Amino acid sequence: MDFGLSEEQERLRDSARELLARECPMERVRKIAGEAPGHDAELWRTFAEAGWLGILVPEAEGGAGLGLLDAAVLLHELGRAVAPGPFLASSVTSVVALREGASRAQRAAWLPRIAAGDAIATLALFEGAEPRLEGALLRDRAARRAGGFLLEGAKLFVDYGQLADLVLGAFRTARPRGAADFDGVGLFAVPSGVRGLKKEALISLDETRRSAELRFRGVALPREALLAGQGARAADSSRALQRALDATAIGLAAESLGGAERALERAVEYVKVREQFGRPVGSFQAVQHMAAEAASRIEPARALVWYAAWAFDARPKEASLAASMAKAACCDVYRFVARTAVELHGGIGFTFENDMHFYLKRALANAAAFGDSDWHRERVAELSKF
Amino acid sequence: MDLELSQQEARFQGELRAWLRAHVPARGRSGPREDLDAARVERLKAWQRKLHGAGYVGIGWPREYGGRAAGLMEQTILGEELARARAPGLIGMMGIQMVGPTLMRWGSEQQKQRFLPRILTAQEVWCQGYSEPGSGSDLASLQTRALRDGDEFVVSGQKIWTSNAQIADWMFCLVRTNPAAPKHHGISYLLIDMKTPGITVRPLVQMTGDAGFNEVFFDEVRVPAENLVGPLDEGWKVANTTLAHERNMLGSTTQTQLLFDGLLRLARRARRGGRPLAEDPPARQRLAELKIRVEALRWNAYRNLTSALRGRPSGIEASITKLATTELNHELAATALDLLGLLAPLYRGSRHLEDGGLWPYQFMFSLGMIIGGGTSQIQRNIIAQRGLGLPRAG
């Protein structure tokens, strides 16, 4: 029995922390957050050179061929740095969807380019009427027509949709029959330059992670655009989509935990030096207990992330339940720790000049993204057969 | 990452399970309690003897003292399986986990020969004389004095919250031998025969109605000087090596899991508006939240175990586990009481009792665990100061 990171994973963690401290310090995060695309091509190039962008891409297709636990280690570090950019959308969500659902030709077209940093991919799933994770609520349709499909609809909260080269659009191909959650939903590989696709940036609090609204007006696609697996005649991509969503939930959990860890570290550093009443405020028990409470919530949540990420590859049958547990736990922890860290900073923590708001805003955005905590808890209840 | 047991560990687990299936006594229908009458003491001693006969008591002890020098992994499996089989607790736990390892580390050869063999067989049961009325969280301020008089110490003072003192044969006790020294350096670790004249044990009735712990009064109790363990005046150090001794954390996590399973069964039985509460959205939210916390602690226990197996120095894991587990156990019971509605306050003897009165009992008992063994506040102090490096007040 061994429930811990391997030596390689610990090395990956250490080298990622070092690289991010050098290449993505808070000054750079602040600068990127203040600019229009919320993405820095040069930083992206650095990630590509480090081999990060293809971490989940098989070696034969130009990647590192590692597992989700390795990706979670990386996401933890990216979360600590509040690093901007489409890593989660492109290198986790989209790569998993392509790996699980794409044909050989689709994989060959996209995976090597994503791994090399030459293409950014993203998932277009949520709709305006009820922007939640319920598959049965998806309305936007992919109508069949001679030789292919015609996509019609509007998608919200598409991470980095404004600059993605490949959009994996989730469109209804058949009525839900209620078996799988995303039964009757197809994923379509939509190149960003296609006719009828319009993009508009959404204005969001978290400027370190951008998203967009994508309008599909009669977007015509060939039959091969549907991610229906290799040679299979499946009418939908529900399994690939479900796997991609589980990986994303686990990724958000890992990232949130990293952010929480770093926010607490910074708050602890601050209360050690900030003096009131002639002594460091960190010597007051009220302050110590806030920090201790935050630490005692972070540690058990860490074990849930490891378990979920490990189960995703090693015990796929447990993965959905584990993903929902980790997502709800870690996003709640991040929000709690981020607000505690702001509070521990006192007045300065409320200013824009201080960095604390970056953690708080990311915590808020992560909690809302890909199923809020109530949604994931209900899924835990359902999958555990309460 | 690998969650499989080795072949040897799996065999140990398999044999243990089979043995427990055949030998764990059927549970009485009286529900949980801490009271100990003579018959119950005899039953518990018999259980420990039986478990010892099968080779499952003190397995982490070295062979020369009757153990089998089992590693952390086997000790963990034992703790998990005993909890899962709902086996009775070990009446000699204080001896096995606390005084035994202390004697091995600090005791004289004569002390080891005299005391160790009788611990494993429950021939002698031990209690712990640490807390005093004026010394709880600030244990090192303890005042019970021991004055040297020839070959003896003369002990006077009072201990409190002493579990099992009413049935114990021996007490390991912290006493002040040097009032002039700084408080951590005037304490000694003494072994006291509970039958010595001058000792009075008075049971304390707890809010549960049980009398599990006691006040112990010492009125010029004469203790042979050879019962001193370790150096004179350095008993604080002696006691702390035992406190730092690896605690089996998985056994307690398994108990928390079992408690959650019971809560879920209750939620399926209990109804609101004719529907099981397990189908009621607010109740499902609470249950799911609790399940997530239970699972997090379970995986965290594996994580801590792996860290210990890899030989990494332990930090504040034990404090985080103690804090989180005791608070969660209380929360599980509190949720059960909410699900019970009007039935919640019904207690022992009522005809309408659910689960033998487990939940109101557990609600109270778990609060005791939040306070005992270092309160939640003390754990937060430890986490803040030793874990996060925040400065001590003052």
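Is Phe157(A) buried or exposed? In this predicted model, Phe157(A) is buried, because 22 other C-beta atoms lie within 10 Å and 20 or more are enough to count as buried. Let us use that residue as a way in, and then walk outward to the domains and the contact of the two chains.

## Two phenylalanines with an unusual backbone

Phe157(A) belongs to strand β3 of chain A, which covers residues 148-159. Its phi is near 55°, a positive value in a residue other than glycine. Most residues other than glycine have a negative phi. Phe277(A) also has a positive phi, of about 55°, although it is not a glycine. You will find Phe277(A) in the loop between β8 (275-276) and β9 (279-280) of chain A. Phe277(A) counts as exposed, because it has 8 C-beta neighbours inside 10 Å and the limit for exposed is 12 or fewer.

Here are some residues of chain A with their places and surroundings.

| Residue | Place in chain A | Other C-beta atoms within 10 Å | Class |
|---|---|---|---|
| Phe157(A) | strand β3 (residues 148-159) | 22 C-beta atoms | buried |
| Phe277(A) | loop between β8 (275-276) and β9 (279-280) | 8 C-beta atoms | exposed |
| Val271(A) | helix α7 (residues 238-273) | 24 C-beta atoms | buried |
| Gln9(A) | helix α1 (residues 7-23) | 19 C-beta atoms | partly exposed |

## How the chains are divided

Chain A is assigned domain 1 (7-120), domain 2 (122-236) and domain 3 (239-383). The centres of domain 1 and domain 3 of chain A, taken over C-alpha atoms, lie 21 Å apart. These two domains touch: 21 residues of domain 1 of chain A are in contact with 27 residues of domain 3 of chain A. On the domain 1 side, α2 (26-33), α4 (68-80) and α5 (87-101) of chain A each supply at least two residues. The largest share of that side comes from α4(A), with 10 residues. By class, the domain 1 side divides into 13 nonpolar, five polar and three charged residues.

Chain B is assigned domain 1 (7-91), domain 2 (126-234) and domain 3 (246-387). In chain B, the C-alpha centres of domain 2 and domain 3 are separated by 32 Å.

Back in chain A, Gln9(A) lies in helix α1. Leaving out residues up to four places away in sequence, Gln9(A) touches Leu69(A), Asp70(A) and Val73(A). Gln9(A) and Val57(A) are 48 residues apart along the chain, and 17 Å separate their C-alpha atoms.

## Where chain A meets chain B

The contact of the chains takes 38 residues from chain B and 38 residues from chain A. On the side of chain B, the elements that give two or more residues are α8 (281-309), α9 (317-340) and α11 (376-387) of chain B. Of these, α8(B) gives the most, with 16 residues. The side of chain B that touches chain A has 22 nonpolar, six polar and 10 charged residues.

How do the two α8 helices lie relative to each other? The axes of α8 (residues 285-314) of chain A and α8(B) come within 7 Å and cross at roughly 85°. That angle makes α8(A) roughly perpendicular to α8(B), because 65 to 115 degrees counts as roughly perpendicular. Among the residues of α8(A) that take part are Pro300(A), Leu304(A), Trp306(A) and Tyr307(A), and those of α8(B) include Leu297(B), Trp299(B) and Arg303(B). This contact of the helices divides into nine nonpolar, one polar and three charged residues.

Val271(A) also reaches across to the other chain. Apart from residues up to four places away in sequence, it touches Pro280(A), Val281(A), Gly282(A), Val287(A), Leu344(A) and Leu390(B). Val271(A) and Ala180(A) are 91 residues apart in sequence, and their C-alpha atoms are 50 Å apart in space.

## The nonpolar cores

The largest nonpolar core has 170 residues. Those with the most contacts inside it are Ile250(A), Ala291(A), Val305(A), Ala308(A) and Ala326(A). Setting aside neighbours within four places in sequence, Ala308(A) is in contact with Ile250(A), Ala253(A), Ala322(A), Ala323(A), Met325(A) and Ala326(A). A second, separate core has 51 residues, including Ile77(B), Met98(B), Leu142(B) and Leu174(B).

Note on methods
Residues numbered from 1 in each chain as written. Chains lettered and ligands numbered in written order. Predicted model: local features only at pLDDT ≥ 70, side-chain atom pairs only at ≥ 80, totals over all residues. Domains from an automatic or database assignment. Contact = placed C-beta atoms within 7 Å. Helix = DSSP H or I, 4+ residues; strand = E, 2+ residues; numbered from the N terminus. Nonpolar A, V, L, I, M, F, W, Y, C, P; charged D, E, K, R; others polar. Core = buried A, V, L, I, M, F, W, Y, C linked by C-beta atoms within 7 Å. Axes fitted to C-alpha atoms, helices over the stretch in contact; angles between N-to-C directions. Parallel < 35°, antiparallel > 145°, perpendicular 65-115°, else oblique.
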